[in-house]
Amino acid sequence: MSKESKDVKLRKTISRWQQIFIWVIAIAFVAGIALWALAVNYSPSAKKAKRTIEEAVGYLTVDGTPVKNENYWIFPEEVEQTYGDLLAQYNNPTLDPAFEQPYVKTLVAVDLLNRKVILYYAEQNKIKADPSKVKEEVKKEIDAVKKDQAKSQQIKTQYGSISNYEKEFKAQKEVELTVQAVKDKLGAISEEEMKKYYEENKEDVITKYTKAEVSYATFDTKEKMQDFVALAMDKGVTAAASEASVTFTDYTLTKGTLPEELEAQIFDATSTIVSFPYNETYFVFNVKSVQKVDTFDSFKASSAYSEVLGELQNKKFAENLNKWKEENKVDIAFNDPVYKTWYTALSSEEKDLLNVYKKLYEELFSEDENVRTDLPYEQKSAFIVVADRIAASTDTALEAIKADVKEFEQKIVQSIYDQIKGSSLEILRRMKEYYPEKKDIAYDYYSKLYDQIKPYLSVGGAYYVMNQLFEIYQGFADLAESTSTDVKIRADSYYKLYDMNKQLDDPKTAKEYLAKLKEIKPDYSINFETAEKELEDMIKQKETKNQTSEATETTQNNK
């Protein structure tokens, strides 16, 4: 087993502030080096200015010495461009400025440098993109551009001419195909290796990749299920569902979802229609396709083969590239203090955390043990990552410093809060824990968290944010009902509770909180009369809807 690279460790260090979004991004990078959009500020007449290594965010090193060729450096605008393109792919989510932004940008910078490592490997081993493949890809792109008048005009405006764009696209495609050629060489997996993997992991492969594409419907009695099956056998599932007003739901069934004997009826089905009772409900399945991987031949013929092949290729590529880096003493380094600190904080071995902590302390604290005010808050937040790692560590060598680390972490949190106030949800959360008596901080925390989940409530998605919803609801309720809390904070909390219940389509509870708001602060900046009328209308609409639904149900039951 080869030694794990630092950039892989970087992605494995997780704390409660990290969102699922972050890991989607990490996976996207691990899967391969993306060819990002061509430069927006392209200028065909501009000469490429010679850059200095001091301008670079990071660079490659050989035996600890920076590589002199600036093609193996990355610059701030590259990171920002890639970061912007990446967020655009995820509809520009709002990231925590103190934690998520520097974390993602560090990932971006590391992956850009990793691409430089691949290109450096290609240069050292004389690997180049296939000219005929480059020509083919360029021709395909330019032909598509010429056929699309709107895109063609956009490119002429941006690049000056189709010819300029073609040159830029060709250069980018050569890089992309060179990277792919290196991956193909270092990550090559033979069929014999695939067979070996299959035999050694057969049970896991069968469990993970045996699946059936089905649609299903449920019935409340055995007789209804049997009647529908008979109708479906006679007229087909689609016609039967239409005639009987039965709705089928598409589903991908994998092993372990149902009891083994029930799954066997689907995976080994001789008919497209399978029915059985389960958990006091009667199911009818329409089996559309089944993927079985219980032999190597069936595995090879399935979509699972290419998926596993890709995973093994990526793993082998990473291992071989890392081995080459170690043998040739090739590494990456950062000039930028934020990326440098974050990379160190995330990728250092656990046994090195004590030294990392001491180094960061020396950088971030003055001689009087106060946090320096002349450093960016993004650099300071990396200290918190290290503090979290030390707190979670089971290494007995770190036990003696955990209390000190916690004390200094609190100072860092306070320092970042003083710099950016309520911009960071995670800093607010930690401030709330450190200073429970500061109700304004608690209110700011719950408000910011509510702003994050509110879009889910308006579209009926409360289920997806239930944990946060409970925390916010209880937090605002505690603030609103605390008579020792400032009236403005109490009033604002009642307003949030009113608004939250309105978003949750609970106008009766919303009305109760609106009344409490009016009681403690009748001059609150809301038109109480209008708000009350809106809630009354909502209540009447719900009552009418319920009455209609009950009448319909009674009619159906009497048929």
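Here are some worked exercises on a predicted model, taken one piece at a time.

**Exercise 1: The four-stranded sheet**

Work out the strand order of the open sheet and find which strands sit at its edges.

*Solution.*

Step 1. Start with the order: the four strands line up as β5-β4-β7-β6, and their pairing is antiparallel. As a reminder, strands of a sheet pair through backbone hydrogen bonds, either parallel or antiparallel.

Step 2. Now look for strands that pair on one side only: these are β5 (249-254) and β6 (273-278), the edge strands. From one strand to the next, the twist averages 35°.

Step 3. Next, follow the pair β4 (residues 211-219) and β7 (residues 281-291), which is antiparallel and has nine bridges. You can find one of these contacts by going to Ser215, whose bridge partner in β7 is Asn286.

Step 4. On to β6 and β7: they run antiparallel too, joined by six bridges. Here Val274 has Phe285 of β7 as its bridge partner.

**Exercise 2: The turn of the hairpin**

How many residues lie between β6 and β7 in their hairpin, and what is the phi of Asn279 in the turn?

*Solution.*

Step 1. Count what separates the strands of the hairpin: there are two residues between β6 and β7.

Step 2. Check the backbone: Asn279, in the turn, has a positive phi of about 55°.

Step 3. Then look at Glu280, which lies in the loop between β6 and β7. Glu280 isn't a glycine, yet its phi is positive as well, at about 65°. With a relative accessible area of 80%, Glu280 is exposed.

Step 4. For another case, go to the loop between α16 and α17, where you'll find Glu369. Its phi is near 65°, again a positive value in a residue other than glycine. Glu369 is partly exposed, with a relative accessible area of 35%.

**Exercise 3: Two helix pairs**

Decide how α15 lies against α17, and then how α5 lies against α6: roughly parallel or roughly perpendicular?

*Solution.*

Step 1. Take α15 (residues 337-347) and α17 (residues 377-392): their axes come within 8 Å and cross at roughly 5°. Angles under 35 degrees count as roughly parallel, so α15 is roughly parallel to α17.

Step 2. See who touches whom. On the α15 side you'll find, among them, Pro337, Trp342 and Leu346, and on the α17 side, residues including Glu378, Val385 and Arg389. Sorted by class, the residues of this contact are eight nonpolar, four polar and two charged.

Step 3. Move to α5 (residues 131-147) and α6 (residues 149-159), which pack at an angle of about 105° with their axes 5 Å apart. The range for roughly perpendicular is 65 to 115 degrees, so α5 is roughly perpendicular to α6.

Step 4. In this contact, Glu141, Val145 and Lys147 of α5 meet Gln149, Lys151, Ser152 and Ile155 of α6. Its classes are two nonpolar, two polar and three charged residues.

**Exercise 4: Salt bridges**

The structure holds 34 salt bridges. For the pairs Glu363 with Lys359, Lys488 with Asp492, and Lys511 with Glu536, find where the partners lie.

*Solution.*

Step 1. Recall the idea: side chains of opposite charge can pair when their charged atoms come close.

Step 2. In the bridge of Glu363 with Lys359, the closest N and O atoms are 2.8 Å apart. These two are separated by about one helical turn because they're four residues apart in helix α16 (residues 353-364). Glu363 is partly exposed at 24% relative accessible area, and Lys359 is partly exposed at 44%.

Step 3. Lys488 and Asp492 have their closest N and O atoms 2.9 Å apart. Both sit in helix α22 (residues 487-503), four residues apart, about one turn of the helix. Are they buried or exposed? Lys488 counts as exposed at 52% relative accessibility, while Asp492 is buried at 11%.

Step 4. Lys511 and Glu536 meet in a salt bridge at 2.2 Å, N to O. This pair links distant parts of the chain, with Lys511 in helix α23 (residues 507-520) and Glu536 in helix α24 (residues 528-557), 25 residues apart. Lys511 counts as partly exposed at 35% relative accessibility, and Glu536 as partly exposed at 28%.

Step 5. Finish with a network: salt bridges that share partners join Asp388, Glu409, Glu426, Arg429, Arg430 and Glu433.

Conventions:
Residues numbered from 1 in each chain as written. Predicted model: local features only at pLDDT ≥ 70, side-chain atom pairs only at ≥ 80, totals over all residues. Heavy atoms only, no water. Axes fitted to C-alpha atoms, helices over the stretch in contact; angles between N-to-C directions. Parallel < 35°, antiparallel > 145°, perpendicular 65-115°, else oblique. Contact = heavy atoms within 4.5 Å. Nonpolar A, V, L, I, M, F, W, Y, C, P; charged D, E, K, R; others polar. Pairing = 2+ DSSP bridges. Salt bridge = Lys/Arg side-chain N within 4 Å of Asp/Glu carboxyl O. Buried < 20%, exposed > 50% of the residue type's maximum accessible area, 1.4 Å probe, protein only.
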